[in-house]
Amino acid sequence: MKIIIHRGIDQIGGCITEIATDYARILIDLGQNLPDGEGAVNDDLASREAIGKITQGVDGIFYTHYHGDHLGLFHYVPDNIPQYIGEVAKQVALCKHRQLSYIKGREELSKEEISKLDKMSVLIPEQAVNVGDIKVTPYFVSHSAYDAYMFLIEADGKRVLHTGDFRGHGYLSKGLLPTIKKLILSRGKFDFLITEGTMLSRLGERVMTENELQREAGKIMARYKNVFVMCSSTDMERLASFYAANKNLRNRPLICDRFQKNVLEIFTTSAGNHSSLFGFDKVYDFNPKNTKLIHWMEDKGFCMFVRATDKFKDYYQTLVSRLDSKDTVLIYSMWKEYINDSGKHAIQRYIEFVSMFPNMEKLHTSGHASPEFLAEVCNLVNPALGIIPIHSENSANYSKLPIEEHLQQKILISSKTIDEVEIKINQSI
């Protein structure tokens, strides 16, 4: 067996992992590098030629979830290579790319993206996919993207667990450790663990649960009548937190645009069938000409999901003269560094957007595992041969986690061969 980390050591995003035998090759994720603060993406692999080379001889590509730093290069993949993603994840990705198709000058690119997504095969939780002599079994995880998966890979007598991105403090997180213990470990021990480490740079930081965030959102909404919320439009659990907090106040409409409503409808008809928490049954899409809705918003207050776009700037300008500034707030529920104007991750359009509002409250929790939960997963999985940390700004920080001493010695951040498994770790591409 070969395990190749094409990208992911000492960087967040742009993840690409390869697992190969003498008879088959698969990739897990084909992510694009994250953009800089100006929105520009520096990525040498973002071309048909580059992806043609890295996917040559590949028999299948498996995506952990729909975020661009894991999925973003999918449209460059040759048509003869099967690509796999979760069923609901596929619907959300299609919804997003249909929305992007309205951007002037992007029509042809969006047409290609939608075509490639349409052809993707869907993953079914706990149902194995065989690619040559490699067996891949997906297991559901909680992340800031719904319908995300970790993968159990079995080949050449070895068992590898690739966690993808996951967390332990979401509404849907409680099943992760029992899933590993009862469904995966019960079938045999692991040889390797490939796992994310996004929050390793934030050791010691307390992580708020989604339940706690919902309660804090309720307190803010009780203080302010007019509430705008800036959060990820595809983070189902976060959207559910604000939806539930607003619903508890009664008679306040939940407002969004048509794209956001389409995403919420996808979540309602999938996750909503399993839990009422994800049933977004009363949502109104905003139209500046809908005077009945605007009068309701003026009278009772509202919660409105917004994004940092010209459209939502226009929506705000339509409403601002009708709103008392003392009763109006933006809840910013994204990574704080995006609006840190002196930081390297600052996004100027985010900074400009949030500056429009008379009041702002920051209320966020990560979509990624806390260091403590990472350690808990490592100790439970207890791989015999190695732990390969990816999706981290400094993978060497894994040694600072409270994991068993014998596992500390198994952290791999450079290339080597262990028990006839060749591990190749590229520092950067």
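This section describes a strand and its two partners, a tyrosine in a loop, and a pair of cysteines in a predicted model.

Strand β2 spans residues 16-20. Five of its five residues are buried, so the strand is largely enclosed by the rest of the structure. In a regular strand, side chains alternate between the two faces of the sheet. In β2, I16, E18 and A20 point one way, while T17 and I19 point the other way. Residues on both sides of β2 are buried, the charged-type name E18 standing in the list beside I16 and A20.

β2 pairs with two strands, β1 and β3. Strand β1, residues 2-7, is joined to β2 in the antiparallel sense over five bridges. Within this pairing, K2 has A20 of β2 as its bridge partner. Strand β3, residues 25-28, also runs antiparallel to β2, and the two are paired over four bridges. Here T17 stands opposite I28 of β3. The β2 and β3 strands form a hairpin, with four residues between them. A20, the bridge partner of K2, points one way from β2, and T17, which stands opposite I28, points the other way.

A second site of interest is Y338, located in the loop between β16 (328-333) and α11 (348-354). Y338 has a relative accessibility of 26% and therefore counts as partly exposed, since the buried class ends under 20% and the exposed class begins over 50%. Leaving aside residues up to four places away in sequence, Y338 touches Y332, H345, A346, I347, Y350 and I351. Of these contacts, Y332 lies within the range of β16, and Y350 and I351 lie within the range of α11. The C-alpha atoms of Y338 and R349 are 9.5 Å apart, and the two residues are separated by eleven positions in sequence.

The structure holds zero disulfides. A disulfide is a covalent bond between the sulfur atoms of two cysteines. For C231, the closest cysteine sulfur is that of C303, at 8.5 Å, which is too far for a bond. The relation holds in the other direction as well: the cysteine sulfur closest to C303 is that of C231. The cut-off for a disulfide is 2.5 Å, so the 8.5 Å separation rules out a bond between C231 and C303. Both cysteines are buried, C231 with a relative accessible area of 7% and C303 with a relative accessible area of 0%.

Note on methods
Residues are numbered from 1 along each chain as its sequence is written. This is a predicted model: local features need pLDDT of at least 70, side-chain atom pairs count only at pLDDT 80 or more; totals for chains, interfaces and linings use all residues. Side-chain values use heavy atoms; hydrogens and water are left out. Buried means under 20% relative accessible area, exposed over 50%, partly exposed in between (1.4 Å probe, protein chains only). Two strands pair if DSSP finds at least two bridges between them. Contact means heavy atoms within 4.5 Å.
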